[in-house]
Amino acid sequence: MTWTPLLLLALAALMDVAANLLLKHSDGLRRPLPAVGGIALILMAFTLLGIALHSVPLGVAYAVWGGLGIILTALLSLRVDHVRFTARGWAGLGLILGSVLLMHLSH
């Protein structure tokens with residue numbers, strides 16, 4: 001497998017995280033600019049996921065995309081929402097990262 005599908009999945013995860021951030025700031029879709037931006041980014045993320053699926057199995061692609069999205073969103077919430085993780089929270093993020101790596105290596 002080349003690096004291109006992995007880069008597409010990473011970019012899709014980044015778009016997903018940005019979309020989540022915009023949707024949070026859309027005030028329940030009442031603010032049109034962040035709402036439309038968030039929806040557009042979600043559509044672009046799914047498009048990149050679809051392209052990556054040409055060469056990556058669905059289970060692996062979804063694990064990488066979803067896992068990276070969860071990890072990046074959680075880390076971003078530290079900065080944006082000033083969330084504090086307990087040791088269990090950090091361990092959970094570590095387990096997700098390990099799972100994503102194992103799924104990637106299994107392909």
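**Entry 1: Trp65 and its partner**

I looked up Trp65 first in this predicted model, and with a relative accessibility of 6% I count Trp65 as buried. Tyr62, by contrast, comes out at 52% relative accessibility, so I entered Tyr62 as exposed. Both residues sit in helix H3, which spans residues 58-80, and because they are 3 residues apart there, about one helical turn separates them. My general reminder for this entry is that an α-helix has 3.6 residues a turn, so residues three or four places apart point the same way.

**Entry 2: aromatic pairs**

I then asked how many aromatic pairs the structure holds, and I found 3. Among them is the pair of Tyr62 and Trp65, which I noted as edge-to-face, with 5.7 Å centre to centre and 70 degrees between the planes. Ring pairs also bring in Phe46, which they link with Tyr62 and Trp65 into a cluster.

Phe85 and Trp90 form an aromatic pair that is likewise edge-to-face, and here I wrote down 5.3 Å from centre to centre and 90 degrees between the planes. Phe85 is partly exposed, at a relative accessible area of 24%, and Trp90 is partly exposed too, at 43%.

**Entry 3: helix H2**

Next I went through helix H2, residues 32-52, whose 21 residues reach 30 Å from the first C-alpha to the last, close to the 30 Å expected at 1.5 Å a residue. Which residues of H2 are buried? I listed Pro34, Ala35, Gly38, Leu41, Ala45, Leu48, Leu49 and Ala52. These residues cover an arc of only 155 degrees around the axis, and I therefore place them on the same side of H2. On the other side of H2 I found Pro32, Leu33, Val36 and Leu43, which are exposed. When I asked what the buried residues of H2 pack against, the answer was helix H1, residues 3-24, together with H3.

**Entry 4: Ala13 in helix H1**

I closed with Ala13, which is found in helix H1 and which, at 0% relative accessibility, counts as buried. Leaving aside residues up to four places away in sequence, I noted that Ala13 touches Trp65, Leu68 and Gly69. For Leu68 I also wrote down the separation, since Ala13 and Leu68 are 55 residues apart in sequence and 6.0 Å apart in space, taken C-alpha to C-alpha. This brings me back to Trp65, the buried residue of my first entry, which is one of the residues that Ala13 touches.

Notes
Residues are numbered from 1 along each chain as its sequence is written. This is a predicted model: local features need pLDDT of at least 70, side-chain atom pairs count only at pLDDT 80 or more; totals for chains, interfaces and linings use all residues. Side-chain values use heavy atoms; hydrogens and water are left out. Rings of Phe, Tyr and Trp (its six-membered ring) pair if their centres lie within 6.5 Å; planes under 30 degrees apart count as stacked, over 60 as edge-to-face and the rest as tilted. Helices (H or I, at least four residues) and strands (E, at least two) are DSSP runs, numbered from the N terminus. Buried means under 20% relative accessible area, exposed over 50%, partly exposed in between (1.4 Å probe, protein chains only). The expected span of a helix is 1.5 Å times one less than its number of residues. The arc is that of the directions from the helix axis to the C-beta atoms. Contact means heavy atoms within 4.5 Å.
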